[in-house]
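Visitor: Could you take me through one part of this model in close detail? I would like to see how the pieces around a single helix fit together, and what sits next to them.

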Amino acid sequence: MAPKRKQIEGELVMKRKRQKRRCRKDEKDRISELPDCVLLHIMSFMSTKAAIQTCVLSKRWKNLCKCLTSLTFCARYTGDICFRKFVSWVLSSRDHSHSLLNLIVISPNEPEVLDLIMKYAMVHDVQRLTMRIDLTCKPAFRSLPFIFSCKSLTSLKICNVYDPNVMVIPNSLHLPLLKSLHLERVKFTATTADAEHVEPFSNCRVLESLYLRNCSMQNDSQTLCISNSTLFSIKVYSYNIFAERKAYNIALCTPNLRSFTIKGVNSHHLSSVCNLPLLGAVSIGLFMVKSSIIVKLMQALANARILTLGSFTLQAILVDLSDGSTRLQPPCFVRLESLRVKSKLIELFDGQISKVVKYLLRNSPRTRVDVTRN
C-alpha cells in the first residue's frame, strides 16, 4: 500500500505543477501593458537607481529608463568612484529628446561631478532643481552662475550645509520662469563692496514663494532688498549663533505679499517701503531678541489680518513690560482680526498673555480681536 500511496501523491504533485505552469502562461503582465507615459510617471516616484534596475525585467523595460524625466543623484561620501561612474552612465545613456523636469542632487565635496550634472541640466531645460551641497571649501564650481540665469527653472532649492562663503549669490538673479526659491546658508553679494543695497530678486518676474534660512550678507551694513511685485509668501529663518553670520537689514517692496514668517535668533531689522495692503498671515517666532526689535518688526507688518506669536517672543515683550523698559509705542494694527498665541515651549499664565496682548492692541482701532491660545 505504501508504494502505491507514494505514487498517487507524486502524481498529485506533478498535476499541481502543471496547473501552475498553465496559470503562469495564461497570466498577463498588466503593468508592462501600460503606456510609456504611465510607466514613466510611476518610475518618477522611485529612486533613479531603482528605476534603472527595471531594465532587466523584460524587453519592454529595457530602454524605458533612458526616458526618465526625474533624476536623483545621491553620493555616499567624498571621492565615491561608483557615484561618478553612475552619474556619467546615466547622463550619457539618457534619451536626450526628453526634457529634464525634476533633478535632485545630494553631493559632498565633488565640484567636478556637480559641474557635469549642472551643465547637462541646463542644456536639457531642467524645471525643478534641488541641490544639497556639502562643500567645505570654495571649489571651482564653474557652472554655478549658469544656474542663476537658467530660463527654464520654475523651482530652485539650494541647501549649502557648511560655509556660506562657498555659495555666493550674484547681485541679480535672471530666472524668468521661477516661482519658488529656497536658499540655505548662502551669501548675498552686491555689485561693489561699498554698495548700500543688495537686490537679487527683482528680475524674477513670476516669483511667488521665497524661503531664506541662515543666509548672510557680504557686508553686514548692507540691506537685503526683497523687491518683487508677484511675491506673496516670504519665510526667513535664522538659527545661526556664530559671529560670521550676523543680523542684517531687510527692506520689503512686495505689494502683493500675503504671508510673512520670521523665526530664529538673529535680530534682523525689517522695514517696508509699501504698506503691504494684501498682507494676511504673519508669524513671529523669535528668541534671544530684544523686544524693541520685535515691536519695530511688527510696525513694518502692521497691516496683517492674522498675527501668530511664539512663546519666546511673548516672553521678551513681557520682561520689558514688567520692568518698565519698553518705551516704544506699539504698532497700529489697522486690519487685525485674529491674534494667536503659541505657549507650548514656555508656560505663560493667562494674566501674562493678557498683559502683552493689551499692550500690542493699545493703538489698534478695531474694537474686537479674537485671541486664540494654542
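Guide: Happy to; what follows is a look at helix α7 and its surroundings. Please keep in mind that this is a predicted model.

A little context helps before zooming in. The chain has nine helices and 19 strands, and 45% of its 374 residues count as buried. Of the contacts with a separation of 6 or more, 71% are between residues 24 or more positions apart. An unreviewed UniProt entry annotates residues 31-66 as "domain: F-box". That stretch is 39% helix and 0% strand, with its end C-alpha atoms 18 Å apart.

Now to α7, which spans residues 291-300. Is this helix enclosed or open? Seven of its 10 residues are buried, so the rest of the structure largely encloses α7. The buried ones are Ser 291, Ile 293, Ile 294, Val 295, Leu 297, Met 298 and Ala 300. A general point is useful for reading that list: an α-helix has 3.6 residues a turn, so residues three or four places apart point the same way. The partners of these buried residues are both strands and helices: β14 (259-264), β15 (269-272), β16 and β17 (306-309) on the one hand, α8 and α9 on the other.

Let us take the two helical partners next. In general, a packed pair of helices is described by the angle between the axes and the distance between them. For α8 (residues 311-323) and α9 (residues 350-360), the axes come within 10 Å and cross at roughly 85°. Crossing angles of 65 to 115 degrees count as roughly perpendicular, and α8 and α9 are therefore roughly perpendicular to each other. On the α8 side, the contact is made by Leu 314, Ile 317, Leu 318, Leu 321 and Ser 322. From α9 come Gln 352, Lys 355, Val 356, Tyr 359 and Leu 360. Sorted by class, this contact has seven nonpolar, two polar and one charged residues.

Helix α8 also takes part in a ring pair. The structure holds six aromatic pairs. In one of them, the ring centres of Phe 287 and Phe 312 are 5.5 Å apart and the planes are at 45°, so this pair is tilted. Phe 287 sits in the loop between β16 (281-286) and α7, while Phe 312 belongs to α8, 25 residues apart, and the pair links distant parts of the chain. Both rings are on partly exposed residues: Phe 287 has a relative accessible area of 24%, and Phe 312 has 34%.

The ring pairs reach further, linking Tyr 211, Tyr 237, Tyr 239, Phe 287 and Phe 312 into a cluster. Within that group, Tyr 237 and Tyr 239 form another tilted pair, at 6.3 Å centre to centre with 35° between the planes. Tyr 237 counts as buried at 14% relative accessibility, whereas Tyr 239 is partly exposed at 34%.

Finally, Tyr 237 leads us back to the strands around α7. Thr 261 lies in strand β14, one of the elements that the buried residues of α7 pack against. With 9% relative accessibility, Thr 261 counts as buried. Leaving aside residues up to four places away in sequence, Thr 261 touches Ile 234, Lys 235, Val 236, Tyr 237 and Ser 283. Tyr 237 is thus a neighbour of Thr 261 and a member of the aromatic cluster.

How values were computed
Residues are numbered from 1 along each chain as its sequence is written. This is a predicted model: local features need pLDDT of at least 70, side-chain atom pairs count only at pLDDT 80 or more; totals for chains, interfaces and linings use all residues. Side-chain values use heavy atoms; hydrogens and water are left out. Axes are lines fitted to C-alpha atoms, for helices over the stretch in contact, and angles run from 0 to 180 degrees between N-to-C directions. Helices (H or I, at least four residues) and strands (E, at least two) are DSSP runs, numbered from the N terminus. Angles under 35 degrees count as roughly parallel, over 145 as roughly antiparallel, 65 to 115 as roughly perpendicular and the rest as oblique. Contact means heavy atoms within 4.5 Å. Ala, Val, Leu, Ile, Met, Phe, Trp, Tyr, Cys and Pro count as nonpolar, Asp, Glu, Lys and Arg as charged, and the others, Gly among them, as polar. Rings of Phe, Tyr and Trp (its six-membered ring) pair if their centres lie within 6.5 Å; planes under 30 degrees apart count as stacked, over 60 as edge-to-face and the rest as tilted. Buried means under 20% relative accessible area, exposed over 50%, partly exposed in between (1.4 Å probe, protein chains only). UniProt positions are given in the numbering used here, feature names are shortened, and annotations may be inferred rather than shown by experiment.
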